[in-house]
Amino acid sequence: MNSDSIIPAATAMAPSASPRFGFWVTFFIFSTITLGATIEAQAHTDRLSPGAQTNQNYALATTSLLFFLSTLFVTLHTRPVLSTVVIGTKIEGAVISLLLLLSSALVAIVSDTRHGLATDSTGSISNGNLYYFSWAALATGVKLLSSYLRSVFGLDVAETLSSQSVRLQSWIWLVLLGLIQMGSAARLFDNHCGMTNSGLVEEKGSITFCRRCQLGIALGAVSAIAAMGLVAVKIWVRVKRRMGWLFTAEMVVSG
C-alpha cells in the first residue's frame, strides 16, 4: 500500500481534523466551571424569594445542559465513526445555535442582581467564576458559530467585515458595547429605582445613583444608535461606491 494514502487517512481520523475541536474543548472547560460555580452560588445565596429560586433553577438547568452538550460533542470528536454523522452537519449547527441561546440566557440570569447568583444587590460581582466564565462560554459559542459558518458554508464573517473597512469592526464593537451599557444601566435602574423594586430600603438607590443609571442608559443608547447608523451608511456607501462624504460623516459622528 502506498504510504502517501495512509497519511491523509490517519489525519482524517485524528480529533484535531475538525477546526472546531479546540473550541469544543474550551467550551467544555468553561461549562464545567460555570456548572460548579452555579451549584456553589445557589447553595450560598441569600435570595430565597420564589422568583429568585425559579431563576436559580433555570440557571442550574441551563449550565447542566451546556455541560452535557459540550461533553457529548467532545466525545464525538474522539470517535471518528460517530463524528462523521454529526460534525459539520446541520445537527452541529443546530446544537451550536442552541448553545448560543442558552449561554445568552445564562449570562442574563446570573448577571441580574435580583437572583443572587453572580452579583449582589449593589451590582458588584460576588461570584467571579460564574460571572466571567459564563461570558467566556458565550464568546466561545460565537467562535464556534463563526467556525461552523466558515467551514460548512464558506462564510468567513471576520474576513468579510475586515475587508469592508479598516474601522468597520470598531464601529460594530461600539454598537455591541453601547447595547451592553444600556442594558446593564437599565437593569440597575429597574432593580433599584423603578416601580418593580422589591421595596427593601437597603436596595433602593440614591438620587445620584439613579441619575447615573439614567445617564448610562442615555449614553449607551446614543452610542449604539449612532454607531449602528454609521455602520449602515458605510455598508450602503460600499455598495453604491459613493465615497466622497463618508469620511466627513464619520468624523462628525466619532467626534
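Hi everyone. Of the 255 residues in this chain, 33% are buried. Before I go on, please keep in mind that what you see is a predicted model.

Let's begin with the overall make-up. The secondary structure comes to 10 helices and 0 strands, so to speak an α-α-α-α-α-α-α-α-α-α pattern when you read along the sequence. If you look at contacts between residues with a separation of 6 or more, 68% of them join residues 24 or more positions apart.

Now to the helix packing. Two packed helices are described by the angle between their axes and the distance between the axes. I'll take three pairs in turn.

Start with H2, residues 21–44, and H3. Their axes come within 8 Å and cross at roughly 150°. The cut-off for roughly antiparallel is over 145 degrees, and H2 and H3 are therefore roughly antiparallel to each other. H2 passes H3 in a left-handed crossing. The residues of this H2 and H3 contact divide into 14 nonpolar and 12 polar, with no charged ones.

Next, H3 and H5. H3 covers residues 50–77 and H5 covers residues 90–111, and the two pack at an angle of about 150° with their axes 10 Å apart. That angle makes H3 roughly antiparallel to H5. The crossing of H3 and H5 is left-handed. Who takes part? On the H3 side the residues include Asn55, Tyr58, Leu65, Leu66, Leu69 and Phe73, and on the H5 side they include Glu92, Val95, Leu98, Leu102 and Ile109. Sorted by type, the residues of the contact of H3 with H5 are 12 nonpolar, 4 polar and 1 charged.

The third pair is H5 with H6, where H6 is residues 128–153. Here the angle is about 155° and the axes are 9 Å apart. So H5 is roughly antiparallel to H6, and H5 passes H6 in a left-handed crossing. From H5, the contact draws on residues including Lys90, Glu92, Gly93, Ile96, Leu100, Val107 and Val110, and from H6 on residues including Leu130, Tyr131, Trp135, Leu138, Val142, Leu145 and Tyr148. The residues of the contact of H5 with H6 divide into 15 nonpolar, 6 polar and 2 charged. If you like following individual side chains, Glu92 appears in the contact of H5 with H3 and also in the contact of H5 with H6.

Let me turn to two residues in loops. Arg20 lies in the loop between H1, residues 3–13, and H2. Is Arg20 buried or exposed? With a relative accessible area of 2%, Arg20 is buried; the cut-off for buried is under 20%. Which residues does Arg20 contact, leaving aside its neighbours within four places in sequence? They are His77, Ile87, Gly88, Glu92, Ile96, Leu144, Ser147, Tyr148 and Ser151. Tyr148 is 128 residues from Arg20 along the chain, yet their C-alpha atoms are separated by 7.5 Å.

The other one is Asp112, found in the loop between H5 and H6. Asp112 has 6% relative accessibility and counts as buried. Not counting residues up to four places away in sequence, Asp112 touches Thr119, Arg187 and Asn191. There is a long-range neighbour to point out as well: Ser184 is 72 residues away along the chain, and the C-alpha atoms of Asp112 and Ser184 are separated by 8.9 Å.

Last stop, the aromatics. How many aromatic pairs does a search of the whole structure find? The search finds 4. One of them is Tyr131 with Tyr132: the ring centres are 5.3 Å apart and the planes sit at 90°, so the pair is edge-to-face. Tyr132 is exposed, with a relative accessible area of 52%, while Tyr131 is among the H6 residues that meet H5.

To recap, we have a chain of 10 helices and 0 strands. H3 is roughly antiparallel to H5, and H5 is roughly antiparallel to H6. Arg20 and Asp112 are both buried. Thanks for listening, and I'm happy to go back to any of these on the screen.

Key: Residues are numbered from 1 along each chain as its sequence is written. This is a predicted model: local features need pLDDT of at least 70, side-chain atom pairs count only at pLDDT 80 or more; totals for chains, interfaces and linings use all residues. Side-chain values use heavy atoms; hydrogens and water are left out. Rings of Phe, Tyr and Trp (its six-membered ring) pair if their centres lie within 6.5 Å; planes under 30 degrees apart count as stacked, over 60 as edge-to-face and the rest as tilted. Buried means under 20% relative accessible area, exposed over 50%, partly exposed in between (1.4 Å probe, protein chains only). Axes are lines fitted to C-alpha atoms, for helices over the stretch in contact, and angles run from 0 to 180 degrees between N-to-C directions. Helices (H or I, at least four residues) and strands (E, at least two) are DSSP runs, numbered from the N terminus. Angles under 35 degrees count as roughly parallel, over 145 as roughly antiparallel, 65 to 115 as roughly perpendicular and the rest as oblique. A crossing is left-handed if the near helix is turned anticlockwise from the far one by less than a right angle, and right-handed if clockwise. Contact means heavy atoms within 4.5 Å. Ala, Val, Leu, Ile, Met, Phe, Trp, Tyr, Cys and Pro count as nonpolar, Asp, Glu, Lys and Arg as charged, and the others, Gly among them, as polar.
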